[in-house]
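Please open the model in your viewer and keep the selection tool at hand. The tour goes from stop to stop, saying at each one what to select and what is there.

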Amino acid sequence: MPVPVIAPPAPPELRRAWPPALRLLLGEDAVDLWDAALSPAGGRLTRLRPTGTSVQPGGAATVQYAAEVAWTDGRRSRESLAATTGARIPEGATVLEGGSDGEVVRVGLWRWPLDPALPALAWASRAGATTDRLGALGLADGPLRLRLRAYRPGRRAVIEATSPTVSTFLKVVRPVAVGRLVERHAVLDGAVPVPPVLASTDDGVVVLPGLAGTPMRDLVAGDGAGLPDAATIDALLDALPEAAALVVPAGRSRPGDARGRVRAHAAVLGLVAPELRPRLDRLVAVLEDADPGEHEEVPVHGDFYESQLLVDGGRVVGLLDVDTVGRGHRIDDWATLLGHLVLLETILPAPATAVRYRAELQEAALRRWPAAQLRPRIAAVLLGLATGPFRVLQGDWAARTAARIAAAEEWAAPGRG
């Protein structure tokens with residue numbers, strides 16, 4: 001009996017236009033791959049559903065799955081699986097080849113939590129092991145309950161560990177990234193409200209405390225009471241210490257990367273939705289022709305938007321995810337925040353607060369920078385956010401993707417204030 005594969009909605013002609021990695025990992029041939037990977041342990045798929053994907057401009061892809069597996073001992077289990085292609089398959093993954101029509105794709109596969117790029121996940125995902133580890137560090141006084149907050153296969157995971165008296169977050173990263181992340185927190189601690197590092201492990205865990213405050217996104221989705229004003233946001237960014245700009249950037253905060261990011265996002269969108277390529281080409285041309293202006297290089301967050309901020313009574317009491325802190329341009333932090341608010345205006349069931357707050361912050365930003373420099377940056381942020389619907393495999397991802405590209409086109413157009 002064929003194994004049910006619940007794939008993302010896409011007409012056959014679109015699937016045929018996808019790069020080989022996507023056709024393999026999001027199609028029925030993925031079942032053969034997983035059966036080959038699971039059979040040595042006595043497993044056989046009975047159900048497979050892709051739940052998320054990440055696509056690279058060159059066509060490589062990573063896909064997460066929810067699966068049901070029957071085992072030779074009679075057990076049936078629900079599993080979280082991951083498969084990745086490309087040149088950076090982590091050492092330790094099960095490597096197989098698949099594909100059709102002469103297109104051979106090399107694939108690395110693993111079961112949660114045995115992510116070969118994140119070795120600490122094997123213990124950080126188990127309550128007993130985490131209780132023992134944090135207890136030995138003096139950071140747990142009893143049994144912990146775990147909640148997975150985020151997982152990007154091969155890249156990172158965030159796990160919340162709580163007890164009646166303790167709330168901590170385990171950021172699981174590649175071991176090589178631990179030192180850089182600890183350094184960022186140390187540089188920022190005391191200058192801006194980042195969580196201090198409580199402990200770190202050589203195998204890839206950075207332990208952070210839970211912080212007080214309300215996620216800013218919750219306030220934007222509500223009545224807006226207690227949202228920080230533009231001056232408060234400016235003061236927060238101004239407080240980033242100069243030493244933070246000397247830390248080697250992890251990625252998006254590098255100056256000069258903006259044009260490369262625009263092209264990369266457009267390339268990915270063109271792979272998953274080829275019919276949009278003419279529009280994407282025109283949009284990229286407009287953004288590349290825009291006046292970037294002359295901007296001083298200063299310490300920047302690098303990924304500054306509402307979900308990274310905890311607030312209390314109009315004050316920012318928590319600044320999260322500082323992996324991208326480094327040297328860059330302040331206008332780009334503001335454009336990132338504004339771009340995310342523009343998107344919230346279109347997806348929140350009650351967007352009135354998002355509309356008002358975005359207009360308020362936009363007005364403040366335009367007092368500092370010309371619209372001709374700010375507006376294209378907001379458009380570029382929206383272009384990047386257009387990859388989201390396919391990444392999380394929403395049922396109406398094609399329509400949502402096109403709508404986000406249309407929003408980017410609107411913001412890129414001359415004349416908008």
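Which kind of contact do the side chains of R263 and E288 meet in? Select the two residues in this predicted model, and you will find a salt bridge, with N and O 2.3 Å apart. The pair links distant parts of the chain, since R263 belongs to helix α9 and E288 to helix α10 (residues 277-289), 25 residues apart. R263 counts as partly exposed, at 46% relative accessibility. Side chains of opposite charge can pair when their charged atoms come close. The structure holds 20 salt bridges, and the next two stops show others.

Select K171 and D323, whose side chains meet in a salt bridge of 2.7 Å from N to O. K171 sits in strand β8 (residues 167-173), while D323 sits in the loop between β14 (315-319) and β15 (326-328), so this pair ties together parts that are 152 residues apart in sequence. Is K171 buried or exposed? With a relative accessibility of 5%, K171 counts as buried, whereas D323, at 23%, counts as partly exposed.

Now add E242 and R327 to the selection, which form a salt bridge with their closest N and O atoms 3.9 Å apart. E242 is placed in the loop between α8 (230-238) and α9 (258-272), and R327 in strand β15, so the pair ties together parts that are 85 residues apart in sequence. Both residues are partly exposed: E242 has a relative accessible area of 46%, and R327 has a relative accessibility of 22%.

Return to the loop between β14 and β15 and select D321, which lies there. D321 is partly exposed, with a relative accessible area of 27%. What is notable about the backbone of D321 is its phi, which is near 50°, a positive value in a residue other than glycine. L393 also has a positive phi, near 55°; select this residue in the loop between α14 and α15 (397-412), where L393 is buried with a relative accessible area of 13%. Most residues other than glycine have a negative phi, and most peptide bonds are trans.

With peptide bonds in mind, select W112 and P113, which are joined by a cis peptide bond with omega about 0°. P113 is found in the loop between β5 (105-111) and α4 (121-124).

Next, select helix α13, which covers residues 371-385. How many of the 15 residues of α13 are buried? The count is 13, so the helix is largely enclosed by the rest of the structure. At 1.5 Å a residue its 15 residues should span 21 Å, and this agrees with the model, in which the end C-alpha atoms of the helix are 21 Å apart.

For a view of the surface, select R88, R152, R155, R174 and R391, which form a positive surface patch. R391, one of these residues, lies in helix α14 (residues 388-391) and is partly exposed, with a relative accessible area of 37%.

The last stop is R23, in helix α2 (residues 20-25), which counts as partly exposed at 27% relative accessibility. Select G99 as well, and display the C-alpha atoms of both: R23 and G99 are 76 residues apart in sequence, and their C-alpha atoms are 8.1 Å apart in space.

Conventions
Residues numbered from 1 in each chain as written. Predicted model: local features only at pLDDT ≥ 70, side-chain atom pairs only at ≥ 80, totals over all residues. Heavy atoms only, no water. Patch = residues over 30% accessible without salt bridge, like charges linked within 9 Å, V, L, I, M, F, W, Y side chains within 5 Å. Areas by Shrake-Rupley, 256 points an atom, 1.4 Å probe, with all protein chains shown as cover. Salt bridge = Lys/Arg side-chain N within 4 Å of Asp/Glu carboxyl O. Lys, Arg positive; Asp, Glu negative; His and termini not counted. Charge placed at Lys NZ, Arg CZ, Asp CG, Glu CD. Helix = DSSP H or I, 4+ residues; strand = E, 2+ residues; numbered from the N terminus. Buried < 20%, exposed > 50% of the residue type's maximum accessible area, 1.4 Å probe, protein only. Expected span 1.5 Å × (residues − 1).
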